Amino acid sequence: MIRSGAFSYAGRRHGFVPENRTDAVLERDCGGHRAVVLCSGGDSCPCGKAAAELTSQAATSFLTFRFARCLLEEPEVLRRELVQVVTRVLGDAARRAGRVPSQFGCTLLAAAMDQRGRFCAFHLGDGTLLGKLETENQWTVFSQPQSGLTPGSTALTMNGSMFPNLRFYRTTQPGGHRLFLTGDGIAGLVPRLPQLLDHPDRLEGLIRRAEQGQLQDLPELSSVLEDDCSAAWLSAFPWL
């Protein structure tokens, strides 16, 4: 059995209006596996919101139809294929809009997991990928936020060569594994993310509150949350 979930809230920067978010989060039940994708439009990119929406759709489709290959094939091949898919989609959108391709920049976190707990994940830009393997029984950071060429910047889909910056992770060992994908805006909700690793119950409590639709009641969302705040997760329970 696989469980997945996600939340995405607009911050003060976007007037707390959901339609103004530049984050895009997708979940998809793909039959024998599930996929979650989180993209955040680049603040310096006029078409960042559109880039996040298009990239999340492209990455979700990629994981839907190529998940089996993601568990078997060489990481370089898979990374190159995803880069080609995303670059083609965003390049076509830029041409249709009469825009420069670099204006369609966004970050990318994408993961898929099957009913046995085997998973794969891709990461580009800021945001964080956390995991809890059944054998280790603790949350760890699989992928740290990436820094860009200038202070305060990060790697984006169309602001340079995407391939060298795109990271790939996978586990082919079955088990009750869990993944947690966060955008950089979660700092407004959880100012010190490492604290979640020191106190795993806090992270799992955050997920439980999100699943129950209770996060909107937190005072941080109305007073402290500056940027969009988004996250997604996957959990496998092969014994159910």
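These legends go with close-up views of a predicted model.

**View 1. F7 and W233 bring two strands of the chain together.**
Start with the ring of F7 and the ring of W233, which make a tilted aromatic pair. Their centres are 6.2 Å apart, and the planes sit at 50° to each other. F7 belongs to strand 1 (residues 2-9) and W233 to strand 10 (residues 229-236), so this contact ties together parts that are 226 residues apart in sequence. Both ends are tucked away: F7 is buried at 5% relative accessibility, and W233 is buried at 2%. Step back a little and these rings turn out to have company, as ring pairs join F7, Y9, F180 and W233 into a cluster. Across the structure, the count of aromatic pairs comes to six.

**View 2. F119 and F142 make a stacked pair.**
Here the planes are 15° apart, with 6.3 Å from centre to centre. F119 comes from strand 5 (residues 119-124) and F142 from strand 7 (residues 139-143), so that the pair links distant parts of the chain, 23 residues apart. The two partners don't share the same surroundings: F119 is buried at 1% relative accessibility, while F142 is partly exposed at 24%.

**View 3. Two arginines sit over phenylalanine rings.**
In one case, the charged end of R3 is placed over the ring of F237, 4.7 Å from the ring centre. In the other, R79 puts its charged end over the ring of F163, with 4.1 Å to the centre.

**View 4. C120 and C70 come together without a disulfide.**
How many disulfides does a search of the whole structure find? The answer is zero. C120 is a case worth a look: its nearest cysteine sulfur belongs to C70 and lies 4.1 Å away. A disulfide needs the two sulfur atoms within 2.5 Å, so a gap of 4.1 Å doesn't qualify. C120 is buried, with a relative accessible area of 0%. Another cysteine, C30, is buried too, at 18%.

**View 5. The largest pocket has a lining of 19 residues.**
There is about 280 Å³ of space in this pocket. Which residues of the lining lie nearest its centre? They are G42, D43, D126, T154 and L156. As for chemistry, the lining of the largest pocket divides into ten polar residues, seven charged and two nonpolar.

**View 6. G125 sits in a loop, yet is buried.**
The loop in question runs between strand 5 and strand 6 (128-132). The relative accessible area of G125 is 0%, so this residue counts as buried. Look across to S147: G125 and S147 are 22 residues apart in sequence, but their C-alpha atoms are 7.2 Å apart in space.

**View 7. S44 is an exposed loop residue.**
Is S44 buried or exposed? With a relative accessible area of 67%, S44 is exposed. Its loop joins strand 3 (33-40) to helix 1 (48-70). Further along the chain by 58 residues is S102, and the C-alpha atoms of S44 and S102 are separated by 9.9 Å.

Methods
Residues are numbered from 1 along each chain as its sequence is written. This is a predicted model: local features need pLDDT of at least 70, side-chain atom pairs count only at pLDDT 80 or more; totals for chains, interfaces and linings use all residues. Side-chain values use heavy atoms; hydrogens and water are left out. Buried means under 20% relative accessible area, exposed over 50%, partly exposed in between (1.4 Å probe, protein chains only). Rings of Phe, Tyr and Trp (its six-membered ring) pair if their centres lie within 6.5 Å; planes under 30 degrees apart count as stacked, over 60 as edge-to-face and the rest as tilted. Helices (H or I, at least four residues) and strands (E, at least two) are DSSP runs, numbered from the N terminus. A charge sits over a ring if NZ of Lys or CZ of Arg is within 6 Å of the ring centre and within 35 degrees of the ring normal. On a 1 Å grid over the protein atoms alone, a cavity is a set of points where a 1.4 Å probe fits but cannot get out, and a pocket is an open set with protein on both sides within 12 Å along at least five of seven lines; lining residues have an atom within 4 Å of a point. Grid points are joined across faces, edges and corners, and a volume is the space filled by probe spheres set on the points. Ala, Val, Leu, Ile, Met, Phe, Trp, Tyr, Cys and Pro count as nonpolar, Asp, Glu, Lys and Arg as charged, and the others, Gly among them, as polar.
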